[in-house]
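What holds a folded chain together can be followed through its nonpolar cores and its salt bridges. Please look at the sequence and the structure below before reading on.

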Amino acid sequence: MVSVKFEQVSKILGQFRAVDGVTLEIKPGELFFLLGPSGCGKTTALRLVAGFYIPDEGKIFFNERDQSRVPPHKRNTGMVFQNYALWPHMDVWNNVAYGLKMRHVSDQEKKQRVAQALETVQMGTYAARLPNQLSGGEQQRVALARVLVIEPDVILLDEPLSNLDAKLRIEMRAHIKEIHRKIARTMIYVTHDQAEALSMADRVAVMRRGRIVQVGTPRQLYTRPESMFVAEFIGGTNWLHGTLEESGDLLTVRTPVGAIRAQHGTKGMARGDRVSCSVRPESVRINRAERPTSEPLNQLTGEVQSITYLGDSEQYTLRLADGASIRATEYNPKEKRAEVGDRLAIEIDARDVIVLPHEDHRA
């Protein structure tokens with residue numbers, strides 16, 4: 001298995017630093033995601049690994065081998081593209097075998113490897129079909145088999161599920177995870193879809209403006225974001241803005257709707273700093289009945305502005321005393337809890353509040 005390491009890598013496209021001083025190590029055999037909004041540099045980073053771009057600064061290593069200026073065909077990587085890029089005049093078998101033909105593999109070995117690759121992606125019975133006789137998900141599996149058959153050290157996936165419908169995307173997520181488990185090869189996956197990253201990745205690097213802003217497991221990124229940008233991008237959140245009054249085991253933030261207590265915050269903040277409290281919608285509990293104060297709960301009140309029923313959940317938007325809105329999500333709702341215009345008690349556990357330095361996270 002192969003590790004991939006970026007060492008202060010930059011790539012300039014025109015006047016734009018598409019990748020800006022990235023240092024990152026991807027572990028051998030890891031299913032690693034590059035996640036971020038459009039234009040953040042994630043696809044450029046993937047193309048640097050593939051060898052389609054040469055770094056303007058820094059180096060890229062496979063294990064301890066410098067690959068920065070090694071041409072693509074000598075890196076032993078395989079890429080699955082967003083548009084599949086299948087040969088329309090070739091059947092499935094020949095599409096998958098094409099890379100082996102270019103490598104002058106013997107006919108016997110070619111048959112064995114193509115059969116194994118098709119079996120891995122569960123497409124063995126489709127070998128004689130043309131691409132236009134396949135569904136989008138089936139074409140995507142053929143594209144993946146075409147990469148697997150050449151036995152690359154690193155598999156690169158560039159938004160491979162973006163052309164599929166929602167249900168098929170969910171199915172393919174599970175399928176790619178299972179393939180990764182079977183083949184145990186390093187895979188680098190680019191996406192802007194947070195749900196894909198959270199549900200599939202071993203670890204994720206969140207990118208913004210060509211730089212990596214945080215690396216961690218999906219759970220770490222969701223529960224312990226280190227910036228407003230990451231908290232907002234990974235799943236969405238509510239914001240309560242204010243000033244840090246007390247730090248220590250329990251932080252206190254003075255906001256327009258009262259004091260908010262929190263058990264988690266980033267390092268380096270001091271009393272008097274302008275900060276923002278991140279609260280996930282599922283952490284906001286609502287109830288009409290008054291409840292006794294119980295540490296470490298934060299208690300607020302809000303007026304219901306809208307209610308959206310989604311079957312497995314119900315989403316509430318409430319207006320707080322300062323006019324700001326807060327969203328609450330109730331899962332498995334048995335019955336309607338409120339009507340628009342109702343005033344509800346709101347509870348937020350201090351363990352579910354993360355205090356972050358205030359920033360212009362939307363820029």
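A search across the whole structure, which is a predicted model, finds 18 salt bridges. Three of these pairs and one network are taken up here, followed by the nonpolar cores.

One pair sits within a single helix. Arg113 and Glu109 are joined by a salt bridge between their side chains, with an N to O distance of 2.8 Å. Both residues belong to helix α3, which covers residues 107-120. They are four residues apart, about one turn of the helix. How buried or exposed are the two partners? Arg113 has a relative accessibility of 13% and counts as buried, because the cut-off for buried is under 20%. Glu109, at 35%, is partly exposed, because its value falls between the 20% and 50% limits.

The next pair connects distant parts of the chain. The side chains of Arg208 and Glu359 form a salt bridge at 3.3 Å, N to O. Arg208 lies in strand β9 (residues 203-208), while Glu359 is in the segment after β21 (353-357), and the two are 151 residues apart. Arg208 is buried, at 13% relative accessible area. Glu359 has a relative accessibility of 23% and so counts as partly exposed, the cut-off for buried being under 20%.

Asp349 and Arg351 make a further salt bridge, in which the closest N and O atoms are 2.6 Å apart. Asp349 is buried, with a relative accessibility of 6%. Elsewhere, salt bridges with shared partners tie Arg17, Asp20, Glu57 and Arg211 into one network.

The nonpolar side chains are the other part of the picture. In soluble globular proteins, nonpolar side chains tend to be buried together. Here the largest nonpolar core has 46 residues. Which of its members touch the most other members? They are Phe33, Val96, Leu118, Leu144, Ile176 and Val204. Helix α4 (residues 136-148) supplies the largest share of this core, with six residues.

Leu118 can serve as an example of the contacts made by a core residue. Leaving aside residues up to four places away in sequence, Leu118 touches Val92, Trp93, Val96, Met123, Gly124, Ala127 and Ala145. Val96, one of these contacts, is itself among the core members that touch the most others.

A second core, separate from the one containing Leu118, has 26 residues. Its members include Val304, Tyr316, Ile346 and Val355.

How values were computed
Residues are numbered from 1 along each chain as its sequence is written. This is a predicted model: local features need pLDDT of at least 70, side-chain atom pairs count only at pLDDT 80 or more; totals for chains, interfaces and linings use all residues. Side-chain values use heavy atoms; hydrogens and water are left out. A nonpolar core is a set of buried Ala, Val, Leu, Ile, Met, Phe, Trp, Tyr and Cys residues joined through side-chain atoms within 4.5 Å. Buried means under 20% relative accessible area, exposed over 50%, partly exposed in between (1.4 Å probe, protein chains only). Contact means heavy atoms within 4.5 Å. A salt bridge is a side-chain nitrogen of Lys or Arg within 4 Å of a carboxyl oxygen of Asp or Glu.
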